[in-house]
Amino acid sequence: MLGQMMTLPLTIASVLDFAVRFHGDTEVVSKTVEGPVHRYGYADLAARAKQLAHALGELGVGEGDIVGTLAWNGYRHVELYYGISGIGAVCHTINPRLFPDQITYIVNHAEDRYIFTDLTFVPLLEKLAGQLTAVRGFVVMTDRQHMPSTTLPNVLCYEDLLAGRPTTGEWPSVDENAAAALCYTSGTTGRPRGVLYSHRSTVLHAMAISFPDAFCLTARDTVLPVVPMFHVNAWGIAYATPMVGAKLVLPGPHLDGASLVALMDEEGVTTTAGVPTVWLNLLAHIHETARPPSRLRRVVVGGAACPPAMMDAFQQLGIETIHAWGMTELSPLGVINRPTVRTEALPTDRRKALALKQGRPPFGIDIKVVGAGGEELPFDGTSFGNLKVRGHWVCGGYFRQEPMATHDQAGWFDTGDVATIDSGGFMQVVDRSKDVIKSGGEWISSIDLENIAIAHPAVREAAAIARPDAKWGERPIVIAVLKPGATASPEEIRAFYSGKVAKWCEPDEVVIVDSLPHTATGKLLKTELRRLYGQAAGLSSSPPNGP
Ligand code: ADP
């Protein structure tokens, strides 16, 4: 017997319709590429998303067509999220930090019909335009006054495109399982792969990130996603804030510590989210000025492991860090670390150790770790193996690609991470399987070694990589950047490991450099570091004791 309840499709446009009716004057504030701060309410945003929908229709964009965006976090980009998906087309956010030939590859692979671009990326697109075979035209996201003179073919001005069009009208009915958005993984190994989100997966994910035991988003919050809207849809925040009626603050291209702190202060930001590298800059600025943003309460840290030193630094400012783990393939939220009654009662040192774990899944996601033979390993906090996930917002296969081994028959996705899960269900990433250091048959976590380096008072950022070694297979080395004005010798940093890890896990060498390379999503670029520093060293000069 079927239930007798209404079945309304979980569509992205329905989120905006809801915000118009119940949070219409809640603000969306944007620091623009052109300079000034722009502000309006969700009702204005929706009116302009409708104008955009009408304009897209006139350009011949319809259901199933893919439209690219090359843009910062700003109100026009949010209008595109809703306007494109609202008509049943697909919003393809392109990461401008990818290599130009990767951008060409993904635009052609997706067969983007139009590309909407911020002023910043016009010169980049001018170089690539000739190779973008399916693109019919480019729309510069600015007004007439700021339109650049450009060699881009078939170029339109965003504000001209919207001007005079109707601000009302019903959204077309769209199947909740229809494609809504497309995002490519950054492809540090191999070609970028497309993850095609549906309306349903996007709406469910936005609900899950809003939960009190997730980002804890409410109608009393002001949320600033530092994580870019071109990186896994800014972790879903631009869908979640209208859903809960939170104010949304968008920093545009102004991502340095000083600009972020000023904007957070001016707009009363309570919650922010981003990768550890951006928080390093923010903390460095706060350290210099001794002025943290006055209302900031929560910092969501994900995309890479959050070092304990970073948690301590935020805690001293009265700011809570929320450690989260995810992937492009998971929309991105997989697990998040929030306390339980049991963990809150633990002594401080145990609670601190637990905070370093990536956390537990919200309802909607299931996780397991499997051994080499594919057998599920116990939730004991020590057995480690490949981390597999499934759930309502986990990708079931890559866009326009043959099924891959990452998706098994039983419907689990292999994350490529090595992890443990403890008896409380808290998952901890040991490493990415390709970054783990295999020494003498044992595995050394590069994350553990990096966390120790960064706890040294002179160290700003550190990367641990494997160096091929004739005797041990691989040995760890650490490449570190010092804080401005700080001094420490490589030997001092190496000695800092003593007693903190088993002797054989201590790095063979510490190299001090001026800066570390990062990926397009702000993570340490380990492939490049291995190329630069990972040359074989022959027999290890100081053979480790064991294992
Ligand atoms: P890519 O970097 O390949 O584009 P993602 O941005 O989707 O892809 O990154 C996903 C990966 O980032 C995860 O598989 C994991 O290795 C790493 N990651 C994400 N969050 C964390 C975290 N909190 N701790 C450790 N690693 C993390």
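Here are three short exercises, with worked solutions, on the predicted model shown above.

Residues are numbered from 1 along each chain as its sequence is written. Because this is a predicted model, local features need pLDDT of at least 70 and side-chain atom pairs count only at pLDDT 80 or more, while totals for chains, interfaces and linings use all residues; side-chain values use heavy atoms, with hydrogens and water left out.

**Exercise 1: the ligand**

Find which residues surround the ligand and are closest, and which backbone atoms lie close to its polar atoms.

*Solution.*
- Step 1. Start with the shell: 17 residues surround the ligand (a heavy atom within 4 Å of it), and the closest are S186, A324, T328, D417 and K523.
- Step 2. Sort the shell by type: 5 residues are nonpolar, 9 polar and 3 charged. Here Ala, Val, Leu, Ile, Met, Phe, Trp, Tyr, Cys and Pro count as nonpolar, Asp, Glu, Lys and Arg as charged, and the others, Gly among them, as polar.
- Step 3. See which element gives the most: strand β14 (residues 320-326) supplies 4 residues. Strands (E, at least two residues) and helices (H or I, at least four) are DSSP runs, numbered from the N terminus.
- Step 4. Now look at the backbone. A nitrogen atom of the ligand lies 2.7 Å from a backbone N or O atom of A324, and for G303 the distance to a ligand nitrogen is 3.0 Å. A polar backbone atom of T328 is 2.6 Å from an oxygen atom of the ligand.
- Step 5. Finish with cover: of the 570 Å² of accessible area that the ligand has on its own, the protein covers 94% (Shrake-Rupley method, 1.4 Å probe).

**Exercise 2: the open sheet**

Trace the order of the 7 strands in the open sheet.

*Solution.*
- Step 1. The order is β7-β6-β5-β3-β4-β8-β9, with mixed pairing; two strands pair if DSSP finds at least two bridges between them.
- Step 2. At the edges, β7 (155-157) and β9 (194-198) each pair on one side only.
- Step 3. Inside the sheet, β4 (residues 90-93) and β8 (residues 179-184) run parallel over 3 bridges. T93 stands opposite C183 in β8.

**Exercise 3: a loop threonine**

Work out which partners T218 has in polar contacts.

*Solution.*
- Step 1. Locate T218 in the loop between α7 (199-210) and β10 (222-225).
- Step 2. Its side chain makes a polar contact of 2.8 Å with the side chain of D221. Such a contact is a pair of N or O atoms within 3.5 Å; within protein, one must be able to donate a hydrogen and the other to accept it, and residues adjacent in sequence count only if both atoms are side-chain atoms.
- Step 3. A polar side-chain atom of T218 also lies 3.0 Å from the backbone nitrogen of R220.
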